[in-house]
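Let's take a walk through this structure together, one region at a time. Have the viewer open and follow along.

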Amino acid sequence: MRKRIAVIGGGIAGLAAAVRLRDVHPGAEVVVFESGPALGGKLSTGELGGRTVERGAESFLNSAPDGGESAAVALARRVGLGDALVHPAARPAALAFGGRLAPIPGGTLVGVPGDLSTLDGVALPASGADRDTGRPLLAPGADVAVGALVRERFGDEVVDRLVDPMLGGVYAGRADRLSLRVTMPQLAHTAETEHTLTAAVRAAQARGRRVPGRPVFAAVEGGMSRLAGAAAAASGARISLGAPARELTRTGKGLWKVVSGPVPAPRTEEFDAVILALPAKPASRLLSEVAPEPAAAVAALDYASVALAAMALPAGTGLPDLSGFLVPPGEGTLVKAATFFTTKWPHLAREDGPVIVRVSLGRSGEEERLQRDDAALLETARRELSDLLGVGLPVPAAAWVQRWGGGLPQYAPGHADRIAAARAGLPEGLALAGAAFDGVGIPVCVASGERAADDVSTFLKEIA
């Protein structure tokens, strides 16, 4: 009998799972349930000033740590978008503090330096920093907050002025509350053998095999939404939009019963296996009936809310020759990062076209500062951006605000162990995938979805 698999969640992790299921279990019927009106989750493409501007994830890593293609690039090729991959211009980014823009020091790993001599003008390491104590920085398998380790070895300025803005640009979180093992797994690994943090950074960098000439980042021409659409098509899955999964239970025959759709008109279906590719709270709610202990572990994950403001400035508006900049939290601005979009992405630039800037607003714990209307957020973004650049920016010809309430997971130390325990407690035929469990970034989410698909496919072959 043909097996049926439910993928609950139509973000990139769920779609990657559906594509992998088509490849490894081609005879299965796959149904993707998405509560919203569109697929893709944080892969959401908009338009501004006649240009494609992302309303969510802007790009993805081009390479995997082993030097091969990242999981996102491999997926793009698998779904027919290999020729649509584009890369940013080779322009540096900066840090904004003290009324000036300073180049981000080279040779860092998410802001953690491998050479303290490169930090002139950005941060002053603590006196006698990073002495060899004769033992490894971390015990095997141990986890700490990034900030705790870096403050101990390098002092406060390195964290506050360099590591915090770099981590904040990715996670909207603070280094003192983010897991080293989740956010910097390569560094956590080398810290188990190295005696100094500089040595651990250099060892982690040496383990990452960079291909000379290969760009660090990639995107999809025409927008990230194309990747979601192409993955859905390649999966051959039945897509149910506007169909939130409201209940997950086990039948007496060992099948999974999924109740979806609106309360007045629910739809009930049975499946042989289920992949939950959801944020923590809805995943926990569905798990509560079938796996209470994993549900409690998943529910403990916290999230940060952020907003994006995109502005189309008049053609010829002068900006620094940068891809953008990051802002340390100590500057007190709501703006935490800015991307000079039409500078960074050459395929979007036109000499007579608008100058597009995308600004990221808000960090973990700053939700109240985002509680203002779009017009007020846009004005705050323009005013703070002008102050940070030291120039008065003109009123944009067009603009929009995209809010991502509870959009970015905050991985506290010990997160990886908690999720491993939660997965170990799941009934067979049920798998978890996505940023809530394995980390942010499109390649990580793609790989997470693919692993979940492999797990349920193995289970289905065992019971066939």
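Helix H15 gives the most to the lining of the second largest pocket, with 8 residues. Keep in mind that this is a predicted model as you turn to the pocket itself, whose volume is about 280 Å³. Its lining is made up of 16 residues, and those nearest the centre are Arg 423, Leu 430, Ala 431, Asp 455 and Val 456. Two or more lining residues come from strand E22 (430-432) and from helix H15 (442-463). If you are thinking about the chemistry of the lining, sorting it by class gives 8 nonpolar, 3 polar and 5 charged residues.

H15 also leads us to the next stop, since it is among the elements that cover the buried residues of helix H2. Which residues of H2 (residues 71-78) are buried? They are Ala 72, Val 73, Leu 75 and Ala 76. Look down the axis of H2 and you will find these buried residues within an arc of 160°, so they line one face of the helix. Besides H15, their cover includes helix H1 (12-24), helix H8 (225-235), strand E5 (60-61) and strand E6 (85-86). Follow the chain just past the end of H2 and you meet Gly 80, which takes a positive phi of about 90°.

Strands E5 and E6, which help to cover H2, also belong to an open sheet of 3 strands. The order in this sheet is E5-E11-E6, and the pairing is antiparallel. E5 and E6 are the edge strands, each pairing on one side only. Between E6 and strand E11 (residues 217-220), which run antiparallel, there are 2 bridges. To find your bearings here, pick out Leu 85, which stands opposite Val 220 in E11.

Finally, have a look at some backbone angles. Most residues other than glycine have a negative phi, which makes the next two residues worth a visit. Val 110 is not a glycine, yet its phi is positive, at about 50°. You can find Val 110 in the loop between strand E9 (108-109) and strand E10 (112-113). Ala 172, also not a glycine, has a positive phi of about 55°, and its place is in the loop between helix H4 (156-171) and helix H5 (180-183). Are these two buried or partly exposed? Val 110 is partly exposed, with a relative accessible area of 29%, whereas Ala 172 is buried, at 0%.

How values were computed: Residues numbered from 1 in each chain as written. Predicted model: local features only at pLDDT ≥ 70, side-chain atom pairs only at ≥ 80, totals over all residues. Heavy atoms only, no water. 1 Å grid on protein atoms, 1.4 Å probe; cavity = no way out; pocket = protein on both sides within 12 Å on 5 of 7 lines; lining within 4 Å. Points joined across faces, edges and corners; volume = space filled by probe spheres on them. Helix = DSSP H or I, 4+ residues; strand = E, 2+ residues; numbered from the N terminus. Nonpolar A, V, L, I, M, F, W, Y, C, P; charged D, E, K, R; others polar. Buried < 20%, exposed > 50% of the residue type's maximum accessible area, 1.4 Å probe, protein only. Arc of directions from axis to C-beta. Contact = heavy atoms within 4.5 Å. Pairing = 2+ DSSP bridges.
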